[in-house]
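Visitor: I would like a close look at one part of this model. Please take a single strand and describe its surroundings.

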Amino acid sequence: MYNYFPPFLPVDKNLTWRYPNSSHALVIYFMDDDLLDWKALLDVPLPYAFRLWRKATSKRKWILSSCSELWVSTPYLAQKYSASKPSLIRPIASGPLLERSWLDSFHPTSTSADPVRICYHGTWSHRDDMKWLAPVIAEVQLRCPNSIFEAIGGDRVARIFRDIPRVSILQTMSWPDYLKHTQTVRQDIGLAPLRDTLFNRGRAPIKFFDYARAGAVGIYSAGPAFSEFVSHEVDGYVLHNDPELWVNTIVNLVNSPHLRQQMADAAWLKVLDNSPTSPNVQQYLSDLNEALMRLTKTP
């Protein structure tokens, strides 16, 4: 996921970055999820939580004492770890992240009877969010015979959405494969439900970029991850976790092709405004680079 952030020299997602050509060692810890609070790990499946504990949470004291800088990906994390004076590094899409080859064969949907692709693209760390979403999708598929639902995760995810018609479950993908999928397969509606948990509060709005690249208008849970980034009813929807509200919003979008296109276009414009081609981002990157150069100067 670090692909969306300024690419200085990532060593590993959520681990350390070393700024090249510095006059002395500068180690930056970039945190894209809430990895330093063991209580947040109680909200995710045990194997995933154990991996995060082993790689990061158990090393909290060493990380905070050894790193020159702490960078975080969201305002929520910046506030939570304010004692460490973190720098907020916002998402930026560039290069392949802006490629949309599905446009070459795209023909705008003209009627409410045409097939509508709905997707939920999340890893197994979102297991309980998927379980919350399943009855919502069941009701949408019942009310919208022209809707098709896609999720990623193989047999485990297939069991969550079993017995729901017109559901396609893809095998878990590597990041390059997922990037290619969103570049080449157009979607109409993208879903990103997040239960209100400690771990979910620390997530970044990356799904907005993924769904916009795939041509979809997104529906997102209200909360720190999306409420401050998504413009409600302009480039996406930000909803409380009320299943009936989600069903009605999805059904309305399925039946409103022109509204979907209008909002998807607005979402893509926001992605472009958060890319290196944007003057505001150019200034942001320049300021960030100057701050890094000051850090790397020998005292």
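How many bridges join strand 6 to strand 7, and in which sense do the two run?

Guide: Four bridges join strand 6 to strand 7 (residues 167-170), and the two strands run parallel. Before going further, note that this is a predicted model, in which local features need pLDDT of at least 70 and side-chain atom pairs count only at pLDDT 80 or more, while totals for chains, interfaces and linings use all residues. Residues are numbered from 1 along each chain as its sequence is written, and side-chain values use heavy atoms, with hydrogens and water left out.

Some terms come next. Strands (E, at least two residues) and helices (H or I, at least four) are DSSP runs numbered from the N terminus. Two strands count as paired if DSSP finds at least two bridges between them.

On the strand 7 side, Ile152 stands opposite Leu170. Strand 5 (residues 116-120) also pairs with strand 6, in the parallel sense, over five bridges. Here Arg117 has Ile148 of strand 6 as its bridge partner, and Tyr120 stands opposite Ala151.

Both connections pass through a helix. Strand 5, helix 4 (residues 127-143) and strand 6 form a right-handed β-α-β unit. Strand 6, helix 5 (residues 155-160) and strand 7 form a right-handed β-α-β unit as well. A crossover is right-handed if, with the strands pointing away from the viewer, the path from the first strand over the helix to the second runs clockwise.

As for exposure, five of the six residues of strand 6 (residues 147-152) are buried, so the strand is largely enclosed by the rest of the structure. Buried means under 20% relative accessible area, exposed over 50%, and partly exposed in between, with a 1.4 Å probe and protein chains only.

Now the wider sheet. It is open, has six strands in the order 7-6-5-8-9-10, and its pairing is parallel. Strand 7 and strand 10 (237-239) stand at the edges with a single partner strand each, so one side of each has no neighbour in the sheet. On average, neighbouring strands of this sheet are turned by 20° against each other, direction ignored.

Helix 10 (residues 257-273) packs on the sheet, where it touches strand 5, strand 8 (189-192), strand 9 (217-221) and strand 10. Contact means heavy atoms within 4.5 Å. The direction of helix 10 makes about 75° with that of strand 9. Axes are lines fitted to C-alpha atoms, for helices over the stretch in contact, and angles run from 0 to 180 degrees between N-to-C directions.
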